[in-house]
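Work through the exercises below with the sequence and the 3D structure open. Try each task before reading its solution.

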Amino acid sequence: FIVSFLFLHLLKKGYVVLLLVRRSSTFFSKCVHPNLIVYDYDSFFEQPSYFINKIEVVINLAGYSGGFKRWSMSVKHKIKESRVTLTKRVVSFFQL
């Protein structure tokens with residue numbers, strides 16, 4: 001899974017990494033590292049803005065997953081919209 005390699009690489013380089021996930025029960029929420037912050041996306045936006053100065057990298061894993069479904073136009077639309085909407089929320093959060 002490429003995301004695992006990406007965030008591990010960034011952590012080894014010393015970056016503070018925020019992983020946004022759909023559910024906090026995912027594999028990533030069980031990872032422990034002093035520079036790794038894992039939140040389900042709803043909880044993250046309820047947090048105080050002190051995160052703004054701590055986070056150097058955001059990896060969005062919280063969008064709709066097409067999984068093993070056939071990527072019909074409807075599935076593609078859900079994937080795109082879920083990622084675009086959340087990305088806009090993240091950008092707005094950090095522009096406070």
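**Exercise 1: the cores**

Task: list the residues of the largest nonpolar core and find which elements supply them.

Solution. Step 1: the largest nonpolar core has ten residues, namely Val16, Leu18, Leu20, Ile37, Phe44, Phe45, Ile55, Leu86, Val90 and Phe93. A nonpolar core is a set of buried Ala, Val, Leu, Ile, Met, Phe, Trp, Tyr and Cys residues joined through side-chain atoms within 4.5 Å. Buried means under 20% relative accessible area, exposed over 50%, and partly exposed in between (1.4 Å probe, protein chains only).

Step 2: β1 and α3 are the elements that give two or more residues to this core. The largest share, three residues, comes from α3. Helices (H or I, at least four residues) and strands (E, at least two) are DSSP runs, numbered from the N terminus.

Step 3: a second, separate core has nine residues, including Val3, Leu11, Leu19 and Leu36.

The model is predicted: local features need pLDDT of at least 70, side-chain atom pairs count only at pLDDT 80 or more, and totals for chains, interfaces and linings use all residues. Residues are numbered from 1 along each chain as its sequence is written, and side-chain values use heavy atoms, with hydrogens and water left out.

**Exercise 2: the chain as a whole**

Task: describe the order of helices and strands in the protein chain and how much of the chain is buried.

Solution. Step 1: there are three helices and three strands in the protein chain. Along the sequence they follow the pattern α-β-β-α-β-α.

Step 2: of the 96 residues in the protein chain, 32% are buried.

**Exercise 3: strand β1 and its partners**

Task: determine how β1 is covered and which strands pair with β1.

Solution. Step 1: strand β1 covers residues 17-21, and five of its five residues are buried. In a regular strand the side chains alternate between the two faces of the sheet. In β1, Val17, Leu19 and Val21 lie on one side and Leu18 and Leu20 on the other, and all are buried.

Step 2: β1 pairs with strand β2 (residues 36-40) in the parallel sense over five bridges. Two strands pair if DSSP finds at least two bridges between them. The bridge partner of Leu20 in β2 is Tyr39.

Step 3: β1 also pairs in the parallel sense with strand β3 (residues 57-60), over four bridges. In β3, Val57 is the bridge partner of Val17, and Ile59 stands opposite Leu19.

Step 4: the covered face of β3 holds Val57 and Ile59, while Val58 and Asn60 form an uncovered one.

**Exercise 4: helix α3**

Task: check the length of α3 and locate its buried residues.

Solution. Step 1: helix α3 (residues 73-94) has 22 residues, which at 1.5 Å a residue should span 32 Å. The expected span is 1.5 Å times one less than the number of residues. The end C-alpha atoms of α3 are 32 Å apart, so the two values agree.

Step 2: Val75, Ile79, Leu86, Val90 and Phe93 are buried in α3. They cover an arc of only 75° around the axis, so they are on the same side of α3. The arc is that of the directions from the helix axis to the C-beta atoms.

Step 3: Met73, Lys80 and Lys88, on the other side of α3, are exposed.
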